[in-house]
Amino acid sequence: MASTERRRAAVLGSPIAHSLSPALHRAAYAELGLDTWSYERFEVDEAALPGFVEGLDPSWAGLSLTMPLKRAVIPLLDEITEAAASVEAVNTVVFAEDGRRLGDNTDILGMVAALYERGVDKTESAAILGAGATASSALAALTRICAGPVTAYVRSAARADEMRGWGERLGADVRIADWSDAAQALDAPLVIATTPAGAADFLADAVPDAPGTLFDVLYEPWPTALAARWAAAGGPVVGGLDLLVHQAVLQVEQMTGREAPLAAMRAAGEAALAAR
């Protein structure tokens, strides 16, 4: 049955023009028959965020947040989930019927779901390439499936300290290694690459003959040099689009209260990328 009440949602961030979120959420609404629902994108920075949130009317169901707003939004919310608190980052805001603003982080469980989909529900150890904001979510995801140590390959002492801090906060056994030794990461049964585009391309030549699983969080350009070489060597590869789709599935379900159509959302994401 189609909804007759106008409902709004959007993704906020800066820059935001290339976000795939509208394609994913609109595909979900179409599949679910939510023809009075809309999903837009807005260029919003940290300074503009409070005013934007305060100006929303009761037709708003929720917000998706990307950088640099994931931490800046927290003081504006009434409650955040344990997952969001664990990494001090909110990527999802749902507006309750009583007007309360509820924050969550669907990146963490989105990573877990993307790995589950490829048959990875546990690992004895793992490696993380990079130590930025995505790395903390990756570490939080690994606390749910990794039984042993996680080695983080980082570029600086400051990043090393950050990852140690996240390890203590999340209760993870984190080991630190220098970025110059990043090729050693590829021997881990699960490797999560959280680096910017191009940063890990040099590792393609170091992919082992029988690699484990690679989760490369990038989706554009795709495949990355590392992901392409990994797949050629016969290793399972999870990509950034997988993460984007699975975290968006959780957002749609929280905002609409309906089961999200994973296949339709993935197809919309693939089509949007192909059109670029």
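Rings of Phe, Tyr and Trp, with the six-membered ring taken for Trp, form an aromatic pair if their centres lie within 6.5 Å. The legends below describe close-up views of a predicted model.

**Figure 1. Aromatic pairs are found in this predicted model.** A search of the whole structure gives five such pairs. One of them joins Y29 and W37, whose ring centres are 5.4 Å apart. The planes of these two rings meet at 55°, so the pair is classed as tilted. Both Y29 and W37 are buried. Elsewhere, F42, F52 and W60 are linked by ring pairs into a cluster.

**Figure 2. Six strands form an open sheet with parallel pairing.** The order of the strands across the sheet is β9-β8-β7-β10-β11-β12. At the edges stand β9 (174-178) and β12 (237-238). Each of these edge strands has a single partner, so one of its sides is left without a neighbour in the sheet. Strand β12 runs parallel to β11, and two bridges join them. Within this pair of strands, F215 stands opposite V238 of β12. Helix α6 packs on the sheet and touches β7, β8 and β9. The direction of α6 makes about 165° with that of β9. Helix α7 lies across β7, β10, β11 and β12, and runs at about 160° to β11.

**Figure 3. The largest nonpolar core has 34 residues.** The residues with the most contacts inside this core are I128, L139, L142, M163 and F215. Two or more residues each are given to the core by α3 (82-87), α4 (106-117), β7 (126-129), α5 (133-142), β8 (150-154), α6 (157-170) and β10 (190-193). Helix α5 supplies the largest share, namely six residues. A second core, separate from this one, has 23 residues, including A9, I16, L20 and A248.

**Figure 4. M163 is shown with its contacts from other parts of the chain.** Neighbours within four places in sequence are left aside in this view. The residues in contact with M163 are then I128, A131, A135, L139, A152, V154, V174 and I176. Two of these partners, I128 and L139, are also listed with M163 among the residues with the most contacts inside the largest core.

**Figure 5. N105 occupies the loop between β6 (101-104) and α4.** Is N105 buried or exposed? Its relative accessible area is 2%, and a residue counts as buried under 20%, so N105 is buried. The side chain of N105 reaches the backbone oxygen of A89 at 3.0 Å. A polar atom of the same side chain lies 2.9 Å from the backbone nitrogen of D107. Apart from neighbours within four places in sequence, N105 is in contact with T81, A83, A84, V87, A89, N91 and S137.

**Figure 6. Three places in the backbone are shown: two cis peptide bonds and a positive phi.** Most residues other than glycine have a negative phi, and most peptide bonds are trans. The bond from M67 to P68 is cis, with omega near 5°. P68 belongs to the loop between β3 (60-65) and β4 (79-80). The bond from W222 to P223 is also cis, with omega near 0°. P223 is placed in the loop between β11 (213-216) and α7 (225-232). E88 is not a glycine, yet it has a positive phi of about 50°. This residue, E88, lies in the loop between α3 and β5 (92-95). With a relative accessibility of 29%, E88 counts as partly exposed.

Note on methods. Residues numbered from 1 in each chain as written. Predicted model: local features only at pLDDT ≥ 70, side-chain atom pairs only at ≥ 80, totals over all residues. Heavy atoms only, no water. Core = buried A, V, L, I, M, F, W, Y, C linked by side-chain atoms within 4.5 Å. Buried < 20%, exposed > 50% of the residue type's maximum accessible area, 1.4 Å probe, protein only. Helix = DSSP H or I, 4+ residues; strand = E, 2+ residues; numbered from the N terminus. Contact = heavy atoms within 4.5 Å. Pairing = 2+ DSSP bridges. Axes fitted to C-alpha atoms, helices over the stretch in contact; angles between N-to-C directions. Phe/Tyr/Trp six-rings, centres within 6.5 Å; stacked < 30°, edge-to-face > 60°. Polar contact = N/O pair within 3.5 Å; in protein donor to acceptor, adjacent residues only side chain to side chain.
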